[in-house]
Each structure stands twice: as C-alpha cells, then as structure tokens.
Amino acid sequence: MSVADEEAALLGLAPVAPDRTVAYGPHPDQIVDLYLPRAAGGEGVTGGERAAEGARAQAAGPPLVVLLHGGFWRAAYDRRHLSPLAAELAGRGLPVALAEYRRVGAGGGAPQTFDDVTAGLAAAVRALPGGGGPVLVGHSAGGQLALLAAARPGTRVSRVLAVSPVADLARAHALGLSNGAVAELLGDGPGLAERIAAADPACHPPAGVPVTILHGTDDPDVPLDLSRRYAAHSPGTTDLHELPGVGHYGPVTPGSPSCHTLFAQLHRTCST
C-alpha cells in the first residue's frame, strides 16, 4: 500500500459499534466505547456468552488497552476511524476502551482535552479493569495525549504505545504542523512557549513507564523527527521502532503490514 493510499484505506473501513458505552461527564464527547474481548473463533457467540467472557477477562485476563485517536485535537475528527482497530484487538482477546474527549472547536483545547483523557482513562478502568495497569495506545495527536497522561501524577499506566505521535510539541509548533494546530490547542498569544513546555511530552517523559513508539519513515503528517527527538530526551525508557516506507495511517489500519507490527508489539506488551 502506498503512503498516499493509507488514509483512504483507514477511512474506507466501516465503523464498528462497541459492546457498550459509558459516560464520564455531561458533554456528549465525554464517553468511552468498550469492546469486550473474544477468544479466537468466538464469532457467533450470544450476547450473554460475550458478556461472561468479558467479565472473566476483567478478573484475570490481559491488561485493558485504551485507545486515543488523533486528528490534531480538532472536533472535525472523532474516534470512529479507530473503531475497526478496537474491534480487531478485541477479536484477538484484548479488552479495549476507545476514548472520546472534548476537542478544539467543540468545548475542548487546553486544559479540557487533557483533563478529559485522564477522566476517560479512569472511567474505562472502572468499567473494564483488565489485568494489571492499562496500556495506553495513542495515534498521532492521541500519541501526545497518551504520553502526557502517563506522566501526570496519580495516573496508573503500565505502558504506552505511541503510534506516529506528536511527541515534541515545540518542534511541531515550529514546523506549523496542520496549519498551527498546536497554537489552536493551547491558545495563541503571550505565554504560548510556557504552555507548550507544560504540555510537551518531550519535556515530561513518564517516570517508570516504558514507552514504545512506532513511526513510519515516510509519514507526511507528523515527521519522524518528532519521535526521534522524544526518544533522545528519554533514552532509558523509550523504544523507537522506525517503519521503513510507512506513512501516517498504516499502523492503525487492520490488514496493513505495519498494523501487524502494532499487534506484535501489543501482544508482547500484554504477555509480560
């Protein structure tokens, strides 16, 4: 698949409805979709059997995977394009929470967006605990949110898997990514440099939390340099995997070769 075809391949997948949805606040975007784990060959089980299977996974199964979508923090992009990935992971036996959050243009921006991620993570863990601490998986801007959330005091996360993340906000702002998306998120004007530093994952690597980054070498939306810069700031806890010839969307598109790399990383993470 060419880099140019990756976005169309992902957005061309039909959204997959969750097993249930929980709210963590009054705003319509303060919700988390839950996908209950299925054993291999579990297609066709009844709703009651599926619920019982999910309950068993909560008690002693693999850790909960919490997905955070991207879209440069803007309201025009929501979680639905990651629902096929959530369903695929559930089909591989993992409990999955696909979190929504307030975004720029619909009640979001700093600090609301950051607070929603923390609250959504807590709600997901209450609803579908899994075994051990949750694994945060964030794509693009969702990668920035995952890395920052893992560094916030009191947040219990076992590991972060960031895919094509906006991992260095200062660099992203300097490059003017997505027509100034960083300034939109944080509010342009006096004090922006300080606000960027406060929200920049590169300035706040999560203490004691292992981080794995998957980033395509041909990503046209979020340059690989941002992940390299992040890894340079946290060499002891960050494992950067550069994916040759891969663009921005391939690693989160079920069926693509680079998405199999994501599956392999998650399998390794959830088995340790």
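**The largest pocket.** Select E7, L11, Y77, H81 and Y249 in this predicted model. Of the 20 residues lining the largest pocket, these lie nearest its centre. The space inside comes to about 440 Å³. Now colour the lining by class: 8 residues are nonpolar, 7 polar and 5 charged. Next, highlight helix 1, residues 3–11. Helix 1 gives the most to this lining, with 3 residues.

**The largest nonpolar core.** Move on to V32, W73, L136, V160, V166, L169 and L186. They belong to the largest nonpolar core, which has 52 residues, and they touch the most other members. Then show helix 5, residues 141–151. The largest share of this core, 7 residues, comes from helix 5. In soluble globular proteins, nonpolar side chains tend to be buried together.

**Around V160.** Centre on V160 and display its contacts, leaving aside neighbours within four places in sequence. L136, A146, L147 and A150 are among them. So are V209, P210, V211 and T212.

**The second core.** Select L82, L85, V163 and C270. They are included in a second, separate core of 27 residues.

**The cysteines.** Keep C270 on screen and add C259. How many disulfides does a search of the whole structure find? The search finds 0. Draw a distance between the sulfurs of C259 and C270: it is 14 Å. For C259, the sulfur of C270 is the closest cysteine sulfur, and it is too far for a bond, because a disulfide needs the two sulfur atoms within 2.5 Å. Finish with a surface view. C259 is buried, with a relative accessible area of 0%. C270 also counts as buried, at 14% relative accessibility.

Terms used: Residues are numbered from 1 along each chain as its sequence is written. This is a predicted model: local features need pLDDT of at least 70, side-chain atom pairs count only at pLDDT 80 or more; totals for chains, interfaces and linings use all residues. Side-chain values use heavy atoms; hydrogens and water are left out. Buried means under 20% relative accessible area, exposed over 50%, partly exposed in between (1.4 Å probe, protein chains only). On a 1 Å grid over the protein atoms alone, a cavity is a set of points where a 1.4 Å probe fits but cannot get out, and a pocket is an open set with protein on both sides within 12 Å along at least five of seven lines; lining residues have an atom within 4 Å of a point. Grid points are joined across faces, edges and corners, and a volume is the space filled by probe spheres set on the points. Helices (H or I, at least four residues) and strands (E, at least two) are DSSP runs, numbered from the N terminus. Ala, Val, Leu, Ile, Met, Phe, Trp, Tyr, Cys and Pro count as nonpolar, Asp, Glu, Lys and Arg as charged, and the others, Gly among them, as polar. A nonpolar core is a set of buried Ala, Val, Leu, Ile, Met, Phe, Trp, Tyr and Cys residues joined through side-chain atoms within 4.5 Å. Contact means heavy atoms within 4.5 Å.
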